[in-house]
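Please open the structure in your viewer and keep the selection tool at hand. The tour proceeds from one selection to the next.

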Amino acid sequence: MKAMVYDGPGRRSWRSVPDPAIEHATDAIVRVEAVTICGTDLHILKGDVPEVAPGRVLGHEAVGTVIKVGTAVQTLSVGDRVLVSCISACGACRYCRQGHYGQCLGGGGWILGHLIDGTQAEYVRVPFADNSTHKVPTDVSDEQMILLADILPTSYEVGVLAGAVSPGDVVAIVGAGPIGLAAILTAKLYSPSHIVAIDVADARLDAARKLGADVVVNSRTEDARAVIDKLTAGLGADVAMEAVGLPDTFEESVRLVRPNGHVANIGVHGAPATLHLEQIWIKNLTITTGLVDTHSTPRLIGLVANHQLDTAAMITHRFEMAEFDQAYEVFTDAARSGALKVLVSAAT
Ligand SMILES: [Zn+2]
Ligand SMILES: [Zn+2]
């Protein structure tokens with residue numbers, strides 16, 4: 001089969017590799033029909049995730065059809081259309097029993113395209129298949145479904161739920177990339193009074209407005225805190241979400257929130273940030289961070305199937321697998337291409 005292979009920092013290639021086979025009785029093999037590229041894949045390509053070995057097939061998000069199941073797989077059959085989640089789950093360890101699949105101790109967690117071969121391929125081996133896939137409702141498209149593999153549950157769980165977004169809240173979202181935009185979509189489910197999207201790129205702020213932000217702030221030219229002060233009589237935001245992963249934007253998120261407010265860090269950080277405890281110790285803040293568990297995926301699938309959540313609006317570019325290199329180029333150069341999420345489909 002063909003697959004997108006990580007060849008060490010700065011190098012990848014779409015090339016032939018052996019087809020995956022069942023290795024454990026709980027595995028399934030899925031023919032990949034739709035797949036996307038995540039910001040995390042770009043981090044891997046920069047060499048930021050050293051546990052990814054050269055030769056690894058990239059990708060941790062897919063929709064496809066089950067073509068083979070191991071003897072211990074109980075709920076999937078050949079022909080089932082499934083979402084392959086970014087998080088695999090053994091289902092039996094302490095964390096899995098608590099729904100914290102992202103921290104799985106039994107060989108799951110984020111392993112696809114990380115510790116084992118991933119989904120940017122014609123076929124993928126999915127471990128613990130019963131617990132690591134979700135059946136796709138018949139009338140939901142690949143485009144609607146694919147974003148439920150990672151960024152929708154990530155934004156919803158680590159941003160909206162951990163941030164405790166409540167009706168009437170003023171919600172500040174720092175960063176209007178794919179994760180920030182997904183946070184806008186899922187925060188809206190809770191009827192906040194205002195969603196304020198903050199970014200330095202006008203194109204991303206336009207996208208934020210289209211997806212439901214009430215106020216947009218270009219922080220190069222405007223002071224986000226002043227804008228939020230106007231909306232909150234000087235108190236600050238009820239919830240601030242960090243959706244970038246830089247020290248500055250984390251520190252900004254802490255500055256934007258009111259006493260008793262929540263700071264929900266969604267961003268993936270590669271450097272330390274300063275927590276100004278000398279200023280905030282008195283403010284009764286709740287600060288949360290996390291890796292997605294994907295316990296919310298069934299709920300999100302239901303919302304998409306019932307037309308209460310339109311995830312496909314975030315897909316800006318479409319490619320066939322033979323054009324995978326081009327898909328990477330467009331996604332990597334998002335500032336110029338305007339790419340939010342790219343969909344790569346198997347040839348029909
Ligand atoms: Zn991802
Ligand atoms: Zn587990």
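Two strands are said to pair if DSSP finds at least two bridges between them. With that in mind, note that this is a predicted model, and begin with a strand.

**First stop: strand β15**

Select residues 341–345, which form strand β15. Of its 5 residues, 4 are buried, so β15 is largely enclosed by the rest of the structure.

Next, add strand β14, residues 315–320. Strands β14 and β15 run parallel and are joined by 5 bridges. To see one position in this pairing, display H317, which stands opposite V342 in β15.

Now add strand β3, residues 28–36. In which direction does β3 run relative to β15, parallel or antiparallel? The two strands run antiparallel, and 3 bridges join them. Display T36 here: its place is opposite L343 in β15.

**Second stop: helices α5 and α6**

Clear the selection and choose residues 151–161, helix α5, together with residues 178–187, helix α6. These helices pack with their axes 8 Å apart, at an angle of about 70°. Angles of 65 to 115 degrees count as roughly perpendicular, which means that α5 is roughly perpendicular to α6. The crossing of α5 past α6 is right-handed.

Finally, show the side chains where the helices meet. On the α5 side, select I151, L152, T154, S155, Y156, G159 and V160; on the α6 side, select P178, I179, A182, A183, T186 and A187. Which classes of residue make up this contact? It has 9 nonpolar and 4 polar residues, and no charged residues.

How values were computed: Residues numbered from 1 in each chain as written. Chains lettered and ligands numbered in written order. Predicted model: local features only at pLDDT ≥ 70, side-chain atom pairs only at ≥ 80, totals over all residues. Axes fitted to C-alpha atoms, helices over the stretch in contact; angles between N-to-C directions. Parallel < 35°, antiparallel > 145°, perpendicular 65-115°, else oblique. Left-handed = near helix turned anticlockwise from the far one by under 90°. Contact = placed C-beta atoms within 7 Å. Nonpolar A, V, L, I, M, F, W, Y, C, P; charged D, E, K, R; others polar. Buried ≥ 20, exposed ≤ 12 C-beta atoms within 10 Å, placed from the backbone.
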